Amino acid sequence: MGDADNINFVINKENLIKPKLSVIVPVYNVESYLRDCLDSVKNQTLQDIEIICVDDCSTDQSFNILEEYKLKDNRIKLLKLDKNYGQGYARNRGIEIAQGEYIGFVDGDDYIDAKYFEALYNSAVKQDADISVASILKHKKNYKKYNVIYKKEGIAENIQDKIKLCGDKKKFFFYAWNKIYKTDLIKNNGIEFAQGQIYEDVIFAIEALYYSNRVVSVPNIKYHYIERKNSSVKRKDITGKKEYDLTKAYTELQDFCHEHNIILPERLNYSTSVWYNPFIKTYIGKYYAKTFLLGLVPIKKKRINFSYPIDLVYLWVDGNDYKWKEKKEYWQQRTAYNNEVFSEYRFINNEELKFSLRSVEKYCSWINKIYIITDNQAPEWLKTCNDKINIIFHKDLISDKNLPLFNSEAIETYLPYIPNLSECFLYANDDMFFGKYVTKNFFYDENQQPIIRLKQQVSRRHCKNNMYTRKILEMQKIIRKAFHKSYEYAPHHNIDAYKKSDFIECLEYFKEKVDTTRTHKFRTENDFQRSIIGYYTLAKRNGRMKLYSRVDRWLDTYSRIKRFLNHKYCADSIMIDSVGEDYHKRLNKYNPYLFCMNDIEKTTNADRVAMKKFLQELFPNKSEFERDEEVCQQ
């Protein structure tokens, strides 16, 4: 953890004697609540404490209030971070300098009972427990209710009993702030809060419970939790990030539990309502829905498993490489194909892959492994020693008799045979990007079936001059003939989800056409086109179709109701043409989860310069997949 912040405290002689308790208070823009919080902490009946306040670069008067209290109480240590790192980072900084025998947490907008820490500390010492836990009283608007309540002392030593003891009515056990922890437990086991994300305490809680010797519950004391509209878990302007961070937190939780043979409560298989959330909560109100409707109308729930791995596959070529160009031109002269398939724009490298990987790191970091299929090439900037990155050369995947291949449709028929590829995987071209936070359930449903995104059919009048459109119609025709099912919708031409078993099954079903396609060095009219995998998956009922349309964020009333009632329509993905587009305007208008920068035959070098500048502005920070100055040690 770096020292990017300015630390304003001095360890003096009295700090050399360990206090009984270190209280860590992360603070960010809570000026209206902070005085109540600090008063409740400094007026504790347990006075042998140090109070570590970490200001996470507040923009209101919070830091001034902290300085005011620090002048009056020498037990207060004050850290001011140089930028807003998030609550997880702030708490971790507090842990670093904590000297108490135990550590407790109080958020800057909450407060605690006067005997809170004395009761927790005495119970922990009496029972020789690493963790002691108190009741939680939630304050919301004009009413109060207990999230967790203890009426008698309880002791747990088995991990399953610890989870049960600390859980609330919803079986959530990962509140960090209604407990105190033995400092040696935290520091000796390297237990930290997740940084840079919401729900940062999920992984901290499970690790602390697992490594603790004993947990004791303490009756008749309360942590007062204030629920605010503008708190991070309630803000509506970061809904995508909340869902993404929740998925990431639950994935880490389930992975840890799987690794350590821990059985989670059933309710922790995160469930959401199919129609209750978008419609009832929006148009009727949560309170009335619960009061009048929940007991009368059955609500379908979907349970989502976060723990299965999902890999990401790219095809990539450096069309600027002179050796590769010589090889292409050699085979081009010996091939009587349509000139359209030889067009340079199909192979030009504009470093789109670099920015696509930056979008992965920013919005989709749960990706397991990344496979880049390439013809004995690798980007110079790529950090090939990164654990996630796997370069797969054509010669290691494709039979020698079919090499070399310049036909992406032929190469795509080898995708499911990538060694060690996960059963669920995403496939993308290097000009496809994540535009917002996405979770696994954006690509797979609760039954782990891929979501097949389709759009309105391209008009047949475009078929004459567009080989791609003709192929889509041909794939639909083949499926219609084989399964007597009609899917007259076109693929959305963006990042797609597949299951390896479905992909292989489809290739085997149409083996003759696949084998013929693999012999074509360049694209032909009669190639096996990847869109058929999605149609096949739907025909076999192994996937779920989702129609999408480009929905403007500024919806009128009719469109808003339509969007909430009909889950098939949302701003999932868009295509941005490289010619004649205002890239920023189009992206801001549709606010998509996925977008594709479409390089076409009319694209000029000036257009490509503008595209690269646009991507640089969107994703300015280097990703973990890019080389540093030093050379990777293979």
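How many of the six residues of strand β17 (residues 424-429) are buried? Six of the six are, so β17 is largely enclosed by the rest of the structure. The model in which this strand sits is predicted, and the account below starts with the chain as a whole before returning to β17.

The protein has 634 residues, of which 53% are buried. Its secondary structure consists of 20 helices and 24 strands. Of the contacts between residues at least 6 apart in sequence, 76% join residues at least 24 apart.

Confidence varies along the chain. The average pLDDT is 82, and 80% of the residues score at least 70. Two segments stay under 50. One is residues 1-15, for which the model has 33 contacts beyond four places in sequence. The other is residues 270-301, with 45 such contacts in the model. Where pLDDT is low, the predicted coordinates should not be read in detail, and this applies to the contacts of residues 1-15 and of residues 270-301.

Strand β17 can now be taken residue by residue. In a regular strand the side chains alternate between the two faces of the sheet. In β17, Cys424, Leu426 and Ala428 lie on one side, Phe425, Tyr427 and Asn429 lie on the other, and all of these residues are buried. Both faces of β17 are therefore covered, since a residue counts as buried when its relative accessible area is under 20%.

The pairing of β17 adds to this picture. Strand β14 (residues 310-315) runs parallel to β17, and the two are paired over six bridges. Within that pairing, Leu312 stands opposite Leu426 of β17. Strand β21 (residues 496-499) is joined to β17 by four bridges, and here the sense is antiparallel. Cys424 of β17 has Lys499 of β21 opposite.

A second covered strand is β24 (residues 594-598), in which five of the five residues are buried. Leu594, Cys596 and Asn598 point one way from β24, while Phe595 and Met597 point the other way. The partners of β24 are again a parallel and an antiparallel strand. Strand β23 (residues 573-577) runs parallel to β24, with five bridges between them, and Ile576 stands opposite Met597. Strand β18 (residues 432-434) pairs with β24 in the antiparallel sense over three bridges, with Met432 as the bridge partner of Cys596.

Among the helices, α3 (residues 87-97) is also covered. Nine of its eleven residues are buried, so α3 is largely enclosed by the rest of the structure. The buried residues include Arg91, Asn92 and Arg93 as well as Tyr89, Ala90, Ile95 and Ile97. Tyr89 has a relative accessible area of 6% and is buried.

Tyr89 also leads to the aromatic residues. The structure holds 36 aromatic pairs. One of them joins Tyr85 and Tyr89, with ring centres 4.2 Å apart and an angle of 25° between the planes, a stacked arrangement. Another joins Tyr175 and Trp177: the centres of these rings are 5.1 Å apart and their planes are at 40°, so the pair is tilted. Tyr175 is buried at 13% relative accessibility, and Trp177 is buried at 6%. Tyr175 and Trp177 belong to one aromatic cluster together with Tyr116, Phe117, Tyr223 and Tyr225.

Rings also take part in arrangements with lysine. Lys80 lies over the face of Phe63, at 4.6 Å from the ring centre. Lys440 lies over the face of Tyr308, at 5.4 Å from the ring centre.

Two further residues complete the tour. Ala205 is placed in helix α7 (residues 201-211) and counts as buried at 4% relative accessibility. Beyond the neighbours within four places in sequence, Ala205 is in contact with Phe173 and Phe174. The C-alpha atom of Ala205 is 6.4 Å from that of Ala176, a residue 29 places away along the chain.

Thr524 is found in a loop, the one between α16 (511-517) and α17 (531-539). This loop residue is nevertheless buried, at 12% relative accessibility. The side chain of Thr524 makes a polar contact of 2.8 Å with the side chain of Asp527.

Note on methods: Residues are numbered from 1 along each chain as its sequence is written. Side-chain values use heavy atoms; hydrogens and water are left out. pLDDT is the predictor's confidence in each residue, from 0 to 100. Contact means heavy atoms within 4.5 Å. Buried means under 20% relative accessible area, exposed over 50%, partly exposed in between (1.4 Å probe, protein chains only). A polar contact is a pair of N or O atoms within 3.5 Å; within protein, one must be able to donate a hydrogen and the other to accept it, and residues adjacent in sequence count only if both atoms are side-chain atoms. Rings of Phe, Tyr and Trp (its six-membered ring) pair if their centres lie within 6.5 Å; planes under 30 degrees apart count as stacked, over 60 as edge-to-face and the rest as tilted. A charge sits over a ring if NZ of Lys or CZ of Arg is within 6 Å of the ring centre and within 35 degrees of the ring normal. Two strands pair if DSSP finds at least two bridges between them.
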